[in-house]
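Trainee: Please give me a close look at a single part of this protein. I would like to see how its inside is put together.

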Amino acid sequence: MTSEGCETAVIQSLAPGPIEGVSYPLKVFYCGQCSMPTEYCDYSGQTDLCRAWATQNAPELLEGLDISEEPAEGDEKKKQKRGGKGSKPGAATASAGKKKSGAQKVTLQREPRGKKSVTVIKGLATFDIDLKVASKLFAQKFACGSSVTGADEIVIQGDVKDDLLDLIPEKWSQVTDELIDDLGDKKR
């Protein structure tokens with residue numbers, strides 16, 4: 001077997017080796033505030049605290065770093081907002097507007113969800129009832145899931161309209177039987 005006309009390929013290593021002017025092993029300095037390497041303090045969300053820590057404890061680390069004081073033009077800080085329907089910006093003002101209008105009613109309605117159904121309660125916030133507390137009460141009373149899904153809406157798993165007609169006036173005296181409307185079943 002002779003290899004006539006064959007060329008051998010030179011395989012270059014992926015690791016280029018030591019870089020000139022760099023001392024090895026590398027020393028990584030960590031921020032005492034955010035516990036990230038100091039190069040990443042700008043992304044920690046605590047840049048002001050990191051900058052204050054670095055100026056006090058390790059000012060030599062700030063020389064080569066660019067921890068920005070303010071976001072660049074057009075680059076506003078974006079903060080994550082949780083939630084679904086309940087976190088809309090105008091939702092709180094909408095419920096406050098309803099509170100001042102004359103018609104204060106609590107509505108109960110059963111909605112189908114697949115083979116099962118849920119009970120939707122709207123209007124409790126107009127009577128200054130804390131929806132999270134009410135949701136927790138309903139979940140404990142009926143041994144089911146209950147959650148606040150809107151600015152003035154609670155969803156309870158299962159059909160519990162009849163029990164709610166008795167429980168709501170009993171628990172909150174400002175909501176009388178006349179102020180509760182049973183809307184029946186919602187059509188698909």
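Mentor: We start with the whole chain, go to the core, and then stop at a few single residues.

This is a predicted model, in which local features need pLDDT of at least 70 and side-chain atom pairs count only at pLDDT 80 or more, while totals for chains, interfaces and linings use all residues. Residues are numbered from 1 along each chain as its sequence is written, and side-chain values use heavy atoms, with hydrogens and water left out.

First, the layout. The protein has 4 helices and 5 strands. Helices (H or I, at least four residues) and strands (E, at least two) are DSSP runs, numbered from the N terminus. Along the sequence their order is α-α-β-β-α-β-β-α-β. Of the 188 residues, 27% are buried. Buried means under 20% relative accessible area, exposed means over 50%, and partly exposed is in between, with a 1.4 Å probe and protein chains only. Now take contacts, meaning heavy atoms within 4.5 Å. Among contacts with a separation of 6 or more, 48% join residues 24 or more positions apart.

Now the core. Nonpolar side chains tend to be buried together in soluble globular proteins. A nonpolar core here is a set of buried Ala, Val, Leu, Ile, Met, Phe, Trp, Tyr and Cys residues joined through side-chain atoms within 4.5 Å. The largest one has 20 residues. Those that touch the most other members are Ile121, Leu124, Phe138, Leu164 and Ile168. Four elements give two or more residues to this core: strand S1 (106-113), helix H3 (131-142), strand S4 (153-157) and helix H4 (161-171). H3 gives the most, with 4 residues.

Look at Phe138. Set aside residues up to four places away in sequence. Phe138 then touches Ile121, Leu124, Ala143, Cys144, Ser146, Ile154, Ile156, Leu164, Leu167, Ile168 and Trp172.

Ala139 is also found in H3. Its relative accessibility is 21%, so Ala139 counts as partly exposed. Beyond its neighbours within four places, Ala139 is in contact with Cys144 and Ser146. Ala139 and Ile156 are 17 residues apart along the chain, and their C-alpha atoms are separated by 7.4 Å.

Next, the helix pair. Two packed helices are described by the angle between their axes and the distance between the axes. H3 and H4 pack at about 130 degrees, with their axes 12 Å apart. Axes are lines fitted to C-alpha atoms, for helices over the stretch in contact, and angles run from 0 to 180 degrees between N-to-C directions. Angles under 35 degrees count as roughly parallel, over 145 as roughly antiparallel, 65 to 115 as roughly perpendicular and the rest as oblique. H3 and H4 are therefore oblique to each other. H3 passes H4 in a right-handed crossing. That word applies if the near helix is turned clockwise from the far one by less than a right angle; anticlockwise is left-handed.

Which residues of H3 and H4 meet? From H3 come Leu137, Phe138, Lys141 and Phe142; from H4 come Asp163, Leu164, Leu167, Ile168 and Lys171. This contact has 6 nonpolar residues, no polar ones and 3 charged. Ala, Val, Leu, Ile, Met, Phe, Trp, Tyr, Cys and Pro count as nonpolar, Asp, Glu, Lys and Arg as charged, and the others, Gly among them, as polar.

H4 has the buried residues Lys161, Leu164, Leu167, Ile168 and Pro169. They pack against S1, strand S2 (116-122), H3, S4 and strand S5 (180-185).

Now two loops. Asp152 sits in the loop between strand S3 (146-150) and S4. Its relative accessible area is 11%, so Asp152 is buried. Leaving out residues up to four places away, Asp152 touches Ile121, Lys122, Gly123, Leu124, Ala125, Thr126 and Leu131. Asp128 lies in the loop between S2 and H3. With 59% relative accessibility, Asp128 counts as exposed.

Last, the backbone. Most residues other than glycine have a negative phi, and most peptide bonds are trans. Asp128 has a positive phi, near 55 degrees. Ser35 has a positive phi of about 65 degrees, although it is not a glycine. Ser35 lies in the segment before helix H1 (47-57), and at 57% relative accessibility it counts as exposed. Pro25 also lies in the segment before H1. The peptide bond from Tyr24 to Pro25 is cis, with omega near 0 degrees.
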